[in-house]
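Let's take a walk through this protein together. Have the model open beside you and follow along as we go.

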Amino acid sequence: MAESQTNPKPKSISPDAKTLHQILSAAAPDGLAAALSATGIPPTPDLVQDVLRLSYSNPTAAIEFFRWAGRTNKHSGLSWNLMVDLLGNNSMFEPMWDAIRSMRNEGVLSLPTFISVFGSYCSAGRVKEAIMSFEVMDRYGVPPDVAAMNALLSAIYGEGGSTTLAVEFFEKTKVKISPDGDTFLILLEGCEREGNVAKAKTTFGEMVVRLGWSKENILAYSSLLMTLVRGRELEEAIKFLLVMKGKNCLPGLKFFSNALDVLLKQNDSTHAIALWDIMMDSGIMPNLMIYNTIIGILCNAGDADKAYRFLDEMVFYGVFADSFTYNMIFQCLVKHKKVHEVREFFIEMIKNECPPTPSNCAAAIAMCFEGDDPEMAIEIWSYMIENSLSPVDESANALLIGLCNLHRFSEYRRFAEDMLDRRVKIHESTMEKLKNARYKDGRSARDTYDNLLKRWKAS
């Protein structure tokens with residue numbers, strides 16, 4: 001088992017700690033104490049802690065080392081806590097409680113000890129034992145306070161434990177211990193993870209009744225809102241947002257960014273605009289990432305005009321579009337066959353040094369032929385060649401098929417020969433389409449095709 005995440009390996013390992021750790025790894029159990037003593041290295045508290053942090057994968061040897069070191073010096077509270085954490089991480093719960101009782105006798109037992117116990121039990125899927133540990137804290141001289149309650153709730157939720165057990169524990173404990181903002185944050189984040197919208201609403205209501213409104217609890221408010229957004233209860237989310245705005249407790253840019261990411265997946269442009277308006281009215285300044293998200297939402301909804309308006313306004317907020325921004329709008333225009341707009345937007349993209357991607361170029365070339373603007377298709381192809389935009393295979397085949405459909409065979413041949421010179425891959429289906437067209441036009445046309453076919457086969 002790896003070492004505890006709360007007690008990681010020391011960043012720098014002293015030579016003495018490395019020596020002792022090597023002995024723990026190599027020496028036989030019955031000769032371990034003698035081997036450690038033979039080094040002549042004094043087991044100072046710092047050294048003991050470093051060795052324990054290195055020994056999570058070797059608990060039996062760690063126990064012997066701990067006993068050996070304790071014969072020389074009285075262990076510090078931190079060393080004891082590390083020992084308890086090490087034992088718990090290895091599911092050695094009986095020895096763990098033996099250590100806890102020893103700590104009580106030496107007067108070094110503390111809240112961090114029990115926080116470690118909670119985490120170990122929950123990691124092992126033994127949530128009921130973690131709750132029982134909380135219930136016996138006062139017997140060991142450590143009063144169970146709100147920090148302990150929060151630590152246990154966090155451990156239960158953090159290890160994917162039973163939400164039912166967590167809620168039952170909270171309902172039982174809150175009678176004696178008043179929850180604070182962190183308590184409700186943990187509970188609301190648990191609701192968010194499991195998508196429990198109803199429980200999130202009731203928990204939030206209790207939070208406001210108990211604690212009122214406070215900027216210190218904005219993370220909890222954000223968690224409620226994200227639960228509502230993911231649960232597609234956008235009208236509720238917007239109502240809560242407006243109340244929070246009135247209480248001067250509105251979440252920041254991170255919430256709006258996360259919420260819009262969800263709405264992008266849900267393809268919900270209507271509520272996305274509503275959230276955006278609240279954000280802008282509240283003076284929260286957007287960045288490029290969130291602009292790209294809202295533009296992506298609008299493009300997915302086919303609203304290229306509104307997406308373009310967002311593109312235009314970006315500069316007024318000190319945000320400048322990137323190639324991804326332009327390509328989303330360009331793709332939308334192509335998809336919805338806005339031939340005239342594609343021509344104008346292509347020119348703007350080139351001007352701003354944000355050219356279309358090769359896949360967008362291929363789609364645009366095909367669309368321009370369908371939309372009776374073959375010259376634009378040729379212009380896009382020429383730009384790709386002149387600016388070494390690659391890969392070009394799909395665009396090349398789209399161009400040839402478009403020319404073939406228009407019976408512009410001389411241009412087809414000229415472009416095809418140039419493509420072969422450039423080692424562009426012309427698909428067999430593209431050549432077959434030309435064959436079907438040219439073989440109907442007499443011997444001269446067939447000869448022209450056959451010559452091109454020979455070049456294609458040789459390429």
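Is glutamine 49 buried or exposed? Before you answer, keep in mind that this is a predicted model. Glutamine 49 turns out to be buried, because its relative accessible area is 8%, and the cut-off for buried is under 20%.

To find glutamine 49, look in helix α3, which covers residues 45-53. Leaving aside residues up to four places away in sequence, glutamine 49 touches Ser76, Leu78, Ser79 and Leu82. With one of these, serine 76, glutamine 49 also shares a polar contact: the two side chains are joined at 3.1 Å. For a sense of scale, you can jump from glutamine 49 to asparagine 248, which lies 199 residues away along the chain. The C-alpha atoms of glutamine 49 and asparagine 248 are separated by 47 Å.

Next, let's turn to a pair of helices. Two packed helices are described by the angle between their axes and the distance between the axes. Here the pair is α13, residues 218-230, and α15, residues 253-266. Their axes are 10 Å apart and meet at an angle of about 10°. Angles under 35 degrees count as roughly parallel, so α13 and α15 are roughly parallel to each other. On the α13 side, the contact is made by Ser222, Leu225, Met226, Val229 and Arg230. Facing them from α15 are Phe255, Asn258, Ala259, Val262, Leu263 and Gln266. Sorted by class, the contact between α13 and α15 has seven nonpolar residues, three polar ones and one charged one.

Finally, what about the cysteines? How many disulfides does a search of the whole structure find? The search finds zero. A disulfide needs two cysteine sulfur atoms within 2.5 Å. For cysteine 354, the closest cysteine sulfur belongs to cysteine 361 and is 13 Å away, so the two are too far apart for a bond. Cysteine 404 is in no disulfide either, and the nearest cysteine sulfur, in cysteine 368, is 18 Å away. As for their surroundings, cysteine 354 is buried, with a relative accessible area of 8%. Cysteine 404 is buried as well, and its relative accessible area is 5%.

Technical notes: Residues numbered from 1 in each chain as written. Predicted model: local features only at pLDDT ≥ 70, side-chain atom pairs only at ≥ 80, totals over all residues. Heavy atoms only, no water. Axes fitted to C-alpha atoms, helices over the stretch in contact; angles between N-to-C directions. Helix = DSSP H or I, 4+ residues; strand = E, 2+ residues; numbered from the N terminus. Parallel < 35°, antiparallel > 145°, perpendicular 65-115°, else oblique. Contact = heavy atoms within 4.5 Å. Nonpolar A, V, L, I, M, F, W, Y, C, P; charged D, E, K, R; others polar. Buried < 20%, exposed > 50% of the residue type's maximum accessible area, 1.4 Å probe, protein only. Polar contact = N/O pair within 3.5 Å; in protein donor to acceptor, adjacent residues only side chain to side chain.
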